[in-house]
Amino acid sequence: MHRLKGSGNAAIHLRIRFLSGVLLAAHLLLVGWLMLRPLHVPWAAAANLTPLEGIRADLAYGPLEAARRIGGGLALLAPLGVLLPMISGRVELSPLAAWSSLARTAAAGALVSVGVEMLQTAVPGQVVDVDSVLLNTLGVAVAHAAVVPLLRSRMRRCPSRTLSDASLTSLTSPASSAGARAGAHGVRRGNRPGSRIRPRNRPQSRSQSRSQGATPRITRVGLGPWTDVLSAIHREY
């Protein structure tokens, strides 16, 4: 039973970690294609190195345009907040470890965003913006806090539910009930549950011996009549 629980849990974690790694690689390729491709534009804005200056400029375009620009910065690296913790495969976490996982994931998202901004300095048409780093890191943290605890709680419930169903099925199956009765009968007779019961050679009862009948006996055969004659002839010669 413990082996079933451990193997099922390990299999689920391995599958989730592999899928998360594939999705993470695909997402990073998409981010690289969006943010590091050359843009042929007639002019480009100057680089923004002042925090929150780019956000104020986005708000000046109006609610819809500001929501599109700010929402794009939040959603660009948000999947990292879910995929990075799933790659580790850790399900059982204490409150301190959960906060530590959030901090590590946000730091990893900030490093990826800074790397993308640094690579943009060598790409024509791309503009470096420090507010993009802030929005990307905030999006990673929000996605982690909103999705990862729910996924981990669901992963904790699934192996235990599978284990309980398997144990219930094994207990209610006819083979297991017959084995349990045989084991209990062996225990009552002084044998171990897994040992074989050897039949004992018991003496036959009187009723069985009577039913078989009496043992036949051969009567004695007397000597033939020619025995005396042959012995007399032998004496004359």
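**Pockets and a helix crossing**

Modeller: In this predicted model, H6 gives the most to the lining of the second largest pocket, with six residues.

Biologist: Which elements give two or more residues to the lining of the second largest pocket?

Modeller: They are H5 and H6. The lining includes Leu-93, Trp-99, His-144 and Arg-152, and about 210 Å³ of space lies in the pocket.

Biologist: What makes residues of that lining nonpolar, polar or charged?

Modeller: Trp and Leu count as nonpolar, and Arg counts as charged, so Trp-99 and Leu-93 are nonpolar and Arg-152 is charged. His is in neither list, so His-144 counts as polar. The lining divides into seven nonpolar, one polar and two charged.

Biologist: How do the residues lining the largest pocket divide, and which lie nearest its centre?

Modeller: The 32 lining residues divide into 15 nonpolar, nine polar and eight charged. Asp-58, Arg-69, Val-127, Asp-129 and Ser-132 lie nearest the centre. The space comes to about 1,200 Å³.

Biologist: Why is H4 called oblique to H5?

Modeller: Helix H4 (residues 80-88) and helix H5 (residues 95-120) pack at an angle of about 120°. Roughly perpendicular covers 65 to 115 degrees and roughly antiparallel needs over 145, so this angle falls among the rest, and H4 is oblique to H5.

Biologist: How far apart are the axes, and which residues meet?

Modeller: The axes are 10 Å apart. Leu-80, Gly-81, Leu-84 and Pro-85 in H4 meet Ser-101, Thr-105, Ala-108, Gly-109 and Val-112 in H5. These contact residues divide into five nonpolar, four polar and no charged.

How values were computed: Residues are numbered from 1 along each chain as its sequence is written. This is a predicted model: local features need pLDDT of at least 70, side-chain atom pairs count only at pLDDT 80 or more; totals for chains, interfaces and linings use all residues. Side-chain values use heavy atoms; hydrogens and water are left out. Axes are lines fitted to C-alpha atoms, for helices over the stretch in contact, and angles run from 0 to 180 degrees between N-to-C directions. Helices (H or I, at least four residues) and strands (E, at least two) are DSSP runs, numbered from the N terminus. Angles under 35 degrees count as roughly parallel, over 145 as roughly antiparallel, 65 to 115 as roughly perpendicular and the rest as oblique. Contact means heavy atoms within 4.5 Å. On a 1 Å grid over the protein atoms alone, a cavity is a set of points where a 1.4 Å probe fits but cannot get out, and a pocket is an open set with protein on both sides within 12 Å along at least five of seven lines; lining residues have an atom within 4 Å of a point. Grid points are joined across faces, edges and corners, and a volume is the space filled by probe spheres set on the points.
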